[in-house]
Amino acid sequence: MKKYIMGNWKMHGLTEDLVELREIDNFSKENANVDVAIAPPFTLINAAAQHCETIAIGAQDCHISESGAHTGCISAAMIRKSGGSFAIVGHSERRKDQFEKNLEISSKAAALHKQGMHAIICVGETLAERDSGCAEEIVTGMLAASLPRKASSDWVTVAYEPVWAIGTGRIPQMEEIARMHNQLRALLVKKIGDDGHNIRILYGGSVKGENALDILSQDNVGGALVGGASLTAQKFIPIIKAAAELNP
Ligand code: PGA
């Protein structure tokens with residue numbers, strides 16, 4: 001399976017930052033053995049899609065409805081029409097700041113599928129949950145409840161992001177990452193059958209050039225979801241390079 005390296009720009013990025021994308025896109029063109037994507041803020045999706053030939057452009061969220069009286073929200077159809085092909089759903093920052101719950105997240109994924117788009121479904125435990133010793137149970141439970149009906153590898157990717165590792169520079173032990181990804185794989189196969197083997201499970205949380213090779217080499221790690229280190233080509237390209245090394 002090709003590794004999937006996805007950048008999440010969060011609430012960063014103005015028109016002048018699109019030059020970074022061009023550089024990332026050029027590098028990605030020469031490394032076709034890695035799938036690369038960037039989720040800029042909504043305001044840049046259209047321009048980003050026009051800037052890029054190889055990498056996929058998508059959003060960081062979408063609404064469950066196609067249209068309607070939902071001030072400030074963006075639908076899957078709007079993202080698609082702007083040039084986006086996927087959206088991240090259920091990121092821990094949205095679960096926390098916007099109180100998003102598993103059921104809503106599964107509806108968002110279904111709304112994306114309805115538009116022929118891809119859903120990146122995020123799950124991950126807090127530090128208190130990790131310390132409780134039940135992280136695997138909690139995270140697999142989150143995924144079971146966030147997976148839409150008829151999920152398949154054609155349109156679903158999973159991202160495991162321990163909340164305490166996001167933006168902190170701390171990452172789990174490699175064995176902990178592998179164990180969690182193996183558990184998530186088992187859950188996917190149990191829920192959707194053989195095709196569960198084909199869904200990529202990304203790791204996210206303080207991924208950078210220095211740790212990417214180690215993380216991407218772990219069992220069932222199909223790629224990385226990268227925040228801070230995706231904002232510049234200089235930091236993001238080494239992560240793509242690490243993935244390219246593993247998939248010659
Ligand atoms: P980080 O963010 O790479 O800055 O830790 C990851 C994420 O939130 O997706």
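**Note on the sheet and the ligand site**

1. Tyrosine 160 stands opposite tyrosine 203, the latter a residue of strand β7. The model discussed here is a predicted one. The strands concerned are β6, residues 156-160, and β7, residues 201-204; they run parallel and are joined by three bridges.

2. The wider setting of this pair is an open sheet of eight strands with parallel pairing. Read across the sheet, the strand order is β3-β2-β1-β8-β7-β6-β5-β4. Strands β3 (56-57) and β4 (86-89) stand at the edges; each has a single partner strand, so one side of each is left without a neighbour in the sheet.

3. Attention may now turn to the ligand. The ligand sits in the second largest pocket. Around the ligand are 13 residues, of which Lys10, His91, Glu161, Gly167 and Ser206 are the closest. By class, the shell around the ligand comprises seven polar residues, four nonpolar and two charged.

4. Which residues place a polar side-chain atom at a short listed distance from an oxygen atom of the ligand? Histidine 91 does so at 2.7 Å, and glutamate 161 does so at 2.6 Å. Glycine 167 takes part through its backbone: a polar backbone atom of this residue is 2.6 Å from an oxygen atom of the ligand.

5. Burial of the ligand completes the description of the site. Taken alone, the ligand exposes 280 Å², and the protein buries 94% of that area.

Key. Residues numbered from 1 in each chain as written. Predicted model: local features only at pLDDT ≥ 70, side-chain atom pairs only at ≥ 80, totals over all residues. Heavy atoms only, no water. Near = heavy atom within 4 Å. Polar contact = N/O pair within 3.5 Å; in protein donor to acceptor, adjacent residues only side chain to side chain. Areas by Shrake-Rupley, 256 points an atom, 1.4 Å probe, with all protein chains shown as cover. 1 Å grid on protein atoms, 1.4 Å probe; cavity = no way out; pocket = protein on both sides within 12 Å on 5 of 7 lines; lining within 4 Å. Sits in = over half its atoms within 2 Å of the grid points. Nonpolar A, V, L, I, M, F, W, Y, C, P; charged D, E, K, R; others polar. Pairing = 2+ DSSP bridges. Helix = DSSP H or I, 4+ residues; strand = E, 2+ residues; numbered from the N terminus.
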